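Colleague: I am still learning the vocabulary of protein structures. Could we go through this one together, term by term?

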Amino acid sequence: MTRASVVGASMTTFGVHETTLTELFAEAALGAFDDAGVGPDDVDALYFGNAMGGQTENDTHLAPKAASQVGLAGVPCQRYEDACATSSNAFKNAVEAVEAGVHDTVLVGGVERCTPETGLGTGEMTRIFASASDRYYEQPTGLTFPGVFALLTKRHMHEHGTTAEQLAHVAVKNHANGQLNPNAHFGKETTVADVLESPVIADPFHLMDCCPFSDGASAVLVTSDDRADSFDDPVDVQGVGHATDIVPLSAKAVPHATQAARDAASQAYEQAGASADEMDFAEVHDCFTGAEVMASEAIGFFEDGEGGPAAEEGRTRIDGDRPINPSGGLKAKGHPIGATGTGQIVELTEQLRGNVGERQVEGAERAVAHNLGGDAATTVVSVMGVRR
């Protein structure tokens, strides 16, 4: 089933950008216009994601500012904030609005600047990121997100025997993929030993188990199924699941299960009339290597406990039988919070069009994106496919 279609997609490089948030977003948005062959007059609304511009840059009320930068002043604009799942939530709402006939064509995207070079220092940014944790039970203890995902991963290791070496294979694979992505923040040949010898951040994570803070923007144009055929290269949105889990971390029944991801994936696959086995690759939220292992199980690519061995065996490489994060993922492509969700949709769109060169997943016709927010208490899972 087709719920809507993506007819234009673009992103900036993820890395360091000296431009303002709205100028940075405009670069991605105008690229999406060019990709679709449309102008502002063809767009009915802007669904915009930014998680922390108010905290980091004293820049709020950003949706109409961003619209003004790209010639959309006057159209309805909505800003979304859902921690790291910010722009995937905007994407879900855009798909629903188009499907319901509220709008014909919507520009969706997000922007963030998180690097120490253009924003605040790593310590202050880590404190601001932690505002997505529980205000009363977690923030007073000093728990940060490296700590949150370290706790989840340690439990996964305890239950399933996942090893630090298996986690390191995730980093090695995603850095290798990042080398093939001209928009990636990082990318290099590295080894399991390099990862394990890097400084410990939060046990079991070493520095190279962690994604970077990035600046960047991404944008896609979503239109109705009926209108999609008038565009050159539409890619269909077949399902979008959105689920939440209890906060704080200590109240979750099985923390390392990331239940919201399982529920969102189930919704997305049901809408698509497909199963995980029919997905040709996945982009998942690998803010830490352990997060990719847990996500690979939550979206049904592997049975519980098999995500770590699968990474070690090379099954998740671009040429493996279950490719994950051919873009390099958050780990190497980068993580500008508000832009990450639609950045995944850009990668799915370009892969399914067959346009990504050396990192192309051969014969990809269907794919899934998994984007989480906070301690995985919010997750949006999207299934997209080649238009028939």
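Modeller: Gladly; what follows is a chat about why certain words are used for parts of this predicted model.

Colleague: Let's begin with helix packing. What makes helix 6 oblique to helix 11?

Modeller: Take the numbers for helix 6 (residues 145-160) and helix 11 (residues 289-298): their axes come within 9 Å and cross at roughly 60 degrees. Roughly parallel needs an angle under 35 degrees, and roughly perpendicular runs from 65 to 115. The crossing fits neither, so helix 6 is oblique to helix 11. The crossing is also left-handed.

Colleague: How do you know that helix 6 meets helix 11, and which residues take part?

Modeller: Contact means heavy atoms within 4.5 Å. On that basis Phe149, Leu152, Thr153 and His156 in helix 6 meet Gly290, Ala291, Val293, Met294 and Glu297 in helix 11. Sorted by class, this contact has five nonpolar, three polar and one charged residues.

Colleague: Why is helix 7 called roughly perpendicular to helix 11?

Modeller: The axes of helix 7 (residues 164-178) and helix 11 come within 8 Å and cross at roughly 95 degrees. That value falls in the range from 65 to 115, so helix 7 counts as roughly perpendicular to helix 11. On the helix 7 side, Leu167, Val170, Ala171, Lys173 and Asn174 take part, and they meet Thr289, Gly290, Glu292 and Val293 in helix 11. By class, there are four nonpolar, three polar and two charged residues in this contact.

Colleague: And why is helix 1 described as oblique to helix 3?

Modeller: Helix 1 (residues 21-36) packs against helix 3 (residues 62-69) at an angle of about 55 degrees, with the axes 9 Å apart. An angle of about 55 degrees is not under 35 and not in the range 65 to 115, so helix 1 is oblique to helix 3. Here the crossing is right-handed. Leu21, Thr22, Glu23, Phe25 and Ala26 in helix 1 meet Leu62, Lys65, Ala66 and Gln69 in helix 3. These residues divide into five nonpolar, two polar and two charged.

Colleague: Now to the largest pocket. What makes a residue part of its lining, and how many residues line it?

Modeller: A lining residue has an atom within 4 Å of a point of the pocket. The largest pocket is lined by 39 residues, and Phe129, Cys210, Cys211, Pro212 and Phe213 lie nearest its centre. Its volume is about 840 Å³.

Colleague: Which helix gives the largest share of that lining?

Modeller: That is helix 5, with four residues. Helix 5 (122-129) and helix 6 each supply at least two residues. By class, the lining has 24 nonpolar, eleven polar and four charged residues.

Colleague: Let's finish with the backbone. Where are the cis peptide bonds before proline 204 and proline 248?

Modeller: One cis bond joins aspartate 203 and proline 204, with omega about 15 degrees. Proline 204 is in the loop between strand 5 (200-202) and strand 6 (205-206). Another cis bond runs from valine 247 to proline 248, with omega near 15 degrees. Proline 248 sits in the loop between strand 8 (235-244) and helix 10 (259-272).

Colleague: What is the phi value of alanine 83?

Modeller: Phi of alanine 83 is near 55 degrees, which is a positive value in a residue other than glycine. You will find alanine 83 in the loop between strand 3 (77-80) and helix 4 (86-99).

How values were computed:
Residues are numbered from 1 along each chain as its sequence is written. This is a predicted model: local features need pLDDT of at least 70, side-chain atom pairs count only at pLDDT 80 or more; totals for chains, interfaces and linings use all residues. Side-chain values use heavy atoms; hydrogens and water are left out. Axes are lines fitted to C-alpha atoms, for helices over the stretch in contact, and angles run from 0 to 180 degrees between N-to-C directions. Angles under 35 degrees count as roughly parallel, over 145 as roughly antiparallel, 65 to 115 as roughly perpendicular and the rest as oblique. A crossing is left-handed if the near helix is turned anticlockwise from the far one by less than a right angle, and right-handed if clockwise. Ala, Val, Leu, Ile, Met, Phe, Trp, Tyr, Cys and Pro count as nonpolar, Asp, Glu, Lys and Arg as charged, and the others, Gly among them, as polar. On a 1 Å grid over the protein atoms alone, a cavity is a set of points where a 1.4 Å probe fits but cannot get out, and a pocket is an open set with protein on both sides within 12 Å along at least five of seven lines; lining residues have an atom within 4 Å of a point. Grid points are joined across faces, edges and corners, and a volume is the space filled by probe spheres set on the points.
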